[in-house]
Amino acid sequence: MGGTLASSLRTAQAVTAATAKQRMLKLLICSDAPEQALRYHGFRSIAGVDEVGRGALFGPVVAAAVILPVRLGGLARAGLKDSKQLTREDRERLDKRIRKIALAVSVAEIDAETIDRVNIYQATRIAMLAAVHGLRLAPDHLLIDAMRLDHPCAQTRLFYGDALSLSIAAASVVAKVHRDRLMRELDEVHPGYGLASHKGYATPEHRRSLAALGPCALHRRSFAPVRAMICGEAQVAPMLFDDAMLDETLLADMLLDPEELEAGGVGPESESEWS
């Protein structure tokens, strides 16, 4: 009885914290202020870098790097911001606009097998680094959402960067549109899991299909909900969401901080794989 009550309290606290964070993020203004500050210090080729799919149970983590021109007023007026706060239609519209005006765009994927081998935090860093290396124009500064990369270029690690920097937001949108399109394609290759709907995240629908069908070749076997299906393990943590709480933006806000991820808070030993 005590354990059930404690679990319920933890669930309520997590959902309350996620809701509060989402409200806070909506108050942030996405602008070119970070880029302007860097240009004041002499940097000219500034790449925004971000990732999507870090918390999914299925498929690759995807990163994008985008170098935008100096004048970004048009993108700001078009509503560019963190991809999780945009509708699919707005993301796809902005993706086309970003690709049209950007000086350079690069996207990189790291597959589920590699994620299982090196852990999700390291796989995310590899994807981001590959995206930067894929730019046809060499950057002289990286604006990165909450991470640092093994790259000689000057870097700024900006927490909530996709909600504050237009360059990072652009990378967020490009990566999200790319991965969502891939999930819709993979839904036809691996039917029955609902990938086109939940994009591989740990929604109740996805967990039910995992229980019924078992994992396929592209599921991340080191992630606890998938591993439990393979090994018959009892899952330690309760579900944080029910069928009434499938909003992907809320799921995204359950992601652990990068320091927690690096310390081993995600992957083989954790239930907190939300992105």
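Contact here means heavy atoms within 4.5 Å. I'm jotting that down before the helix-on-sheet entries, and I'm keeping in mind that this is a predicted model.

**Sheet**

I started with the strands. Five of them make an open sheet, ordered β3-β2-β1-β4-β5, and the pairing is mixed. At the edges I have β3 (104-110) and β5 (154-157), each pairing on one side only. I looked up the twist too: neighbouring strands are turned by 20° against each other on average, direction ignored.

Next I checked one pair of strands. β1 (residues 46-52) and β2 (residues 61-67) run antiparallel, and six bridges join them. I picked D50 and traced its bridge partner in β2, which is A64.

**Helices on the sheet**

Which strands does α2 touch? I find helix α2 (residues 33-40) packed on the sheet against β1, β4 (141-144) and β5. The direction of α2 makes about 155° with that of β4. With angles over 145 degrees counted as roughly antiparallel, I'm noting α2 against β4 at about 155°.

Then I went to helix α7 (residues 166-189), which lies across β1, β2, β3 and β4. Against β1, α7 runs at about 40°.

**α9 and α10**

I moved on to a helix pair. Helix α9 (residues 204-213) packs with helix α10 (residues 224-231) at an angle of about 20°, and their axes are 10 Å apart. That makes the two roughly parallel, because angles under 35 degrees count that way. The crossing of α9 past α10 is right-handed.

Who meets whom? From α9 I listed R207, L210 and A211, and from α10 P225, V226 and M229. Sorted by class, I get five nonpolar residues, one charged and no polar ones in this contact.

**Two loop residues**

D111 sits in the loop between β3 and α5 (112-118). Buried, exposed or partly exposed? The relative accessible area of D111 is 41%, so I logged D111 as partly exposed, the class between 20% and 50%. I also took the C-alpha to C-alpha distance from D111 to F58: 9.3 Å in space, with their positions 53 residues apart in sequence.

F58 came up again when I turned to H190, in the loop between α7 and α8 (195-198). H190 has 18% relative accessibility and therefore counts as buried, the cut-off being under 20%. Leaving out residues up to four places away in sequence, I have H190 touching F58, L195, C216 and L218.

How values were computed
Residues are numbered from 1 along each chain as its sequence is written. This is a predicted model: local features need pLDDT of at least 70, side-chain atom pairs count only at pLDDT 80 or more; totals for chains, interfaces and linings use all residues. Side-chain values use heavy atoms; hydrogens and water are left out. Two strands pair if DSSP finds at least two bridges between them. Helices (H or I, at least four residues) and strands (E, at least two) are DSSP runs, numbered from the N terminus. Axes are lines fitted to C-alpha atoms, for helices over the stretch in contact, and angles run from 0 to 180 degrees between N-to-C directions. Angles under 35 degrees count as roughly parallel, over 145 as roughly antiparallel, 65 to 115 as roughly perpendicular and the rest as oblique. A crossing is left-handed if the near helix is turned anticlockwise from the far one by less than a right angle, and right-handed if clockwise. Ala, Val, Leu, Ile, Met, Phe, Trp, Tyr, Cys and Pro count as nonpolar, Asp, Glu, Lys and Arg as charged, and the others, Gly among them, as polar. Buried means under 20% relative accessible area, exposed over 50%, partly exposed in between (1.4 Å probe, protein chains only).
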